[in-house]
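Dear colleague,

I am passing on the structure we spoke about, with the sequence alongside it. My notes on what turned up in it follow below, and I would be glad if you read them with the model open.

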Amino acid sequence: MNTSTPLLSVHDLEVRYGPALALSAVSLDVPEKEVLAVLGANGAGKSTLARALSGLVPPNGGRITFAGRDITGASPGAIRRSGLIHLPEGRGIFPGLTVHENLRMALTAAGAERDGAIDRAFSIFPVLGERRRQRAGTLSGGEQQMLNLARALMITPRLLIADELSLGLAPKLVDLVFDGLERARAAGVAIIMIEQFAHRALDFADRCLVLQRGRAAWSGPASAAGNEVLRHYLGEAAS
């Protein structure tokens with residue numbers, strides 16, 4: 001068990017959209033190099049949690065600490081530069097730019113040109129190398145998601161929030177997304193995974209957090225979040 005200071009610590013996080021309470025008293029820790037699966041039914045607060053951690057939504061209460069620094073209320077740019085990268089639901093690419101230009105834009109946003117970074121991206125997803133001069137908007141949905149993931153992985157973040165990366169993808173493309181995430185974990189990147197395929201997320205993750213109506217309903221080792229937990233909180237079984 002990892003007893004060192006967690007890479008990310010969240011204490012009693014609260015988020016409101018006007019009078020509506022979206023998250024209430026949510027706490028979690030993500031150690032270095034570990035994977036946390038965040039599960040829950042639609043509207044449970046999963047994407048709100050991701051947006052709050054990445055600075056896209058201001059918290060109304062609580063504290064977020066990343067790499068030893070309080071980032072509560074920090075700007076999305078400052079959080080991204082600290083090494084916490086959020087890949088939101090959807091493709092998140094520039095459709096009018098080529099694949100190569102999208103990758104270069106990601107390097108520029110990270111604040112530095114890194115030798116070999118684009119080549120590493122193409123080594124992770126060779127199909128992107130074959131389409132480097134193709135406009136991103138003309139790629140298939142799966143290829144666009146590969147590009148979205150490649151843009152994050154090539155700058156080696158410390159923590160990656162993957163929000164529904166497999167949404168709407170065919171099974172073979174879901175496999176490619178998980179392969180990319182496995183490469184990130186092997187490189188030492190911690191991951192928060194928000195995923196529609198609960199059983200795959202649990203097989204991949206170290207720990208699991210189940211959200212229900214904006215609150216933490218269950219947390220523990222991913223290996224302990226079996227059929228009973230999923231049936232009780234999500235209305236499904238991991239089979």
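**Strands, helices and one loop residue**

Strand β7 (residues 159-163) and strand β8 (residues 190-194) pair in the parallel sense over 5 bridges, and within this pairing Ile161 stands opposite Ile192 in β8. Please keep in mind that this is a predicted model. Both strands belong to an open sheet of 6 strands with mixed pairing, in the order β6-β7-β8-β3-β9-β10. Its edge strands, each pairing on one side only, are β6 and β10 (215-221), and neighbouring strands are turned by 15° against each other on average, direction ignored.

Helix α6 lies across β6 and β7, and runs at about 175° to β6. The axes of α6 (residues 141-153) and α7 (residues 171-186) come within 10 Å and cross at roughly 5°; since angles under 35 degrees count as roughly parallel, the two helices are therefore roughly parallel to each other. On the α6 side the contact is made by Gly142, Gln145, Met146, Leu149 and Leu153, while α7 contributes residues including Leu173, Leu176 and Leu181. By class, this contact has 8 nonpolar, 3 polar and no charged residues.

Finally, Leu97 lies in the loop between β6 (84-87) and α3 (99-110), and is partly exposed, with a relative accessible area of 27%. Leaving aside residues up to four places away in sequence, Leu97 touches Asn102, Met105, Gln134, Arg135 and Ala136. The C-alpha atoms of Leu97 and Ala136 are separated by 6.0 Å, although these residues are 39 residues apart along the chain.

With best wishes

How values were computed: Residues numbered from 1 in each chain as written. Predicted model: local features only at pLDDT ≥ 70, side-chain atom pairs only at ≥ 80, totals over all residues. Heavy atoms only, no water. Helix = DSSP H or I, 4+ residues; strand = E, 2+ residues; numbered from the N terminus. Buried < 20%, exposed > 50% of the residue type's maximum accessible area, 1.4 Å probe, protein only. Contact = heavy atoms within 4.5 Å. Axes fitted to C-alpha atoms, helices over the stretch in contact; angles between N-to-C directions. Parallel < 35°, antiparallel > 145°, perpendicular 65-115°, else oblique. Nonpolar A, V, L, I, M, F, W, Y, C, P; charged D, E, K, R; others polar. Pairing = 2+ DSSP bridges.
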